[in-house]
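Hi there,

Here is the structure I promised to pass on to you. Please open it next to this email, and then read on for what was found in it.

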Amino acid sequence: MRLTLRPVELIGPDREGRLVFLEERLVAVLSKLGELHEDATGHWFLEASFTPTSRSGAGPFATLEDALAAIGTGLNASPGIR
Amino acid sequence: MTTIAEDSPHARLIRKLETITVLNRDDRDAIAALPLRAKSFEENQDLVRQGDRPSECCLLVEGFVCRYKVLGEGQRQIMSFHLPGDIPDLQSLHLKVMDHGLGALTPVTVAFIPHEAMEEITRSRPTIAAAFWRDTLIDAAVFREWLAGVGRRSAHQRIAHLICELCTRLKALGLIDNPSFQLMVTQAEVADALGLSSVHVNRVLQDLRRDGLIAIQGRVLKILDWEGLKEAGDFDSEYLHLRHDPS
């Protein structure tokens, strides 16, 4: 499964974001947490997930790869939408 | 008349019940005569576990306790917060198996009351039986309010509402006398109670600070604008059914 990323600016304190696509379909929105979040600064947070089995608000994940792995797991568990 | 120290377990229970009902001297004396077994717990310890069959009720004397369930993927849902004077497992008198756990959110002191003693006092003192029934009904009213919040309120409203609720309950119990109190719960625990992530809780607390509604210094939360916070949280204390609204 190939997930691609597109940078995006988000509203609110954590502005740096990524749209996550499976082919041309949007599957999730990630944000990079800023200094407000102390120990989790620099980690990635799943703001929104459009797969039925992933939960918005999951994370924070230490790396972008970890976040994408979690999104991939959610997609694999949702065969109906592939 | 029996004399009891103001911060004794019996006094805590009397004060709690008197926030929701009227007790006479005989009722207070009967409560003061309840046999108790005190026990301390560390933060994060379980007082009672899901599946337990308790033979005692636990009266919270010091500290802060939650009711919770752990779901399949290890996620925790906190269903209520409890303050000194509460008996969070009162229902174990009639529901023999615990369908949830009770966890200590801070170091906690509880006083265990044998079920036989609770059954005896409810048989001999109808006013106390009615007070426990009323407390259980209010418990259900709080669950309804939380369900409405988790189902339909925004993250901002849920957090503002919870701060208003805790402040109102602490004031009613005489545990604080100004709108400033020690935050006894972590952001992760607030998140687990309100169906949010810690990230959202952190963002909303910063927003409430920026809007001049609260101030946070260390673990002390101060309400700067009570009316504004009530409005932000869509908070009306009616569901707590207190005899005197302390705000």
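Which domains does the domain assignment give for chain B? There are two: domain 1 covers 9-141, and domain 2 covers 155-240. Before we go further, please keep in mind that this is a predicted model.

**How the two domains of chain B meet**

The centres of domain 1 and domain 2 of chain B, taken over C-alpha atoms, are separated by 24 Å. Where the domains touch, 15 residues of domain 1 of chain B are in contact with 14 residues of domain 2 of chain B. On the domain 1 side, the elements that give two or more residues are α1 (9-18), β5 (76-82) and α4 (126-152) of chain B. Which of them gives the most? That is β5(B), with four residues. If you sort the residues on this side of domain 1 by class, you get eight nonpolar, four polar and three charged.

**Two helices in domain 1**

Now find α1(B) again, together with helix α2 (residues 25-32) of chain B. Their axes are 9 Å apart, and the helices pack at an angle of about 140°. That angle makes α1(B) oblique to α2(B). The crossing of α1(B) past α2(B) is right-handed. To see the contact itself, show H10(B), L13(B) and I14(B) in α1(B), which meet R28(B), I31(B) and A32(B) in α2(B). By class, this contact has four nonpolar residues, one polar and one charged.

**A sheet of four strands**

Next, look for the open sheet in chain B whose four strands come in the order β2-β6-β4-β5, with antiparallel pairing. Which strands stand at its edges? They are β2 (46-48) and β5 of chain B; each has a single partner strand, so one side of each is left without a neighbour in the sheet. You have already met β5(B), as it gives four residues to the side of domain 1 that touches domain 2. On average, neighbouring strands of this sheet are turned by 35° against each other, direction ignored. At the β2 end, two bridges join β2(B) to strand β6 (residues 101-104) of chain B, and these strands run antiparallel. There you can find V48(B) opposite L102(B) in β6(B).

**A sheet of three strands**

Chain B also has an open sheet of three strands in the order β8-β10-β9, again with antiparallel pairing. Its edges are β8 (180-182) and β9 (214-217) of chain B, each with a single partner strand, so each has one side without a neighbour in the sheet. Here the average turn between neighbouring strands is 20°, direction ignored.

How many bridges join β9(B) to strand β10 (residues 220-223) of chain B? There are four, and the two strands run antiparallel. Within this pair, A215(B) has K222(B) in β10(B) as its bridge partner, and Q217(B) stands opposite V220(B). β9(B) and β10(B) form a hairpin with two residues between them, and G218(B) in the turn has a positive phi of about 60°.

Helix α5 (residues 155-172) of chain B lies across β8, β9 and β10 of chain B, and runs at about 95° to β10(B).

**Over to chain A**

Chain A has a hairpin for you to compare. Six bridges join strand β2 (residues 16-22) of chain A to strand β3 (residues 25-32) of chain A, and the strands run antiparallel. In this hairpin, which has two residues between the strands, E23(A) takes a positive phi near 55°. β3(A) is also joined by five bridges to strand β4 (residues 44-49) of chain A, again running antiparallel. A good residue to click on is A28(A) in β3(A): V20(A) stands opposite A28(A), and S49(A) in β4(A) is a bridge partner of A28(A).

**Where the chains touch**

How many residues does each chain bring to the contact between chain A and chain B? Chain B gives seven residues and chain A gives eight. By class, the side of chain B that touches chain A has two nonpolar, four polar and one charged residues.

Enjoy exploring, and write back with any questions!

Best wishes

Note on methods
Residues numbered from 1 in each chain as written. Chains lettered and ligands numbered in written order. Predicted model: local features only at pLDDT ≥ 70, side-chain atom pairs only at ≥ 80, totals over all residues. Domains from an automatic or database assignment. Nonpolar A, V, L, I, M, F, W, Y, C, P; charged D, E, K, R; others polar. Pairing = 2+ DSSP bridges. Axes fitted to C-alpha atoms, helices over the stretch in contact; angles between N-to-C directions. Parallel < 35°, antiparallel > 145°, perpendicular 65-115°, else oblique. Left-handed = near helix turned anticlockwise from the far one by under 90°.
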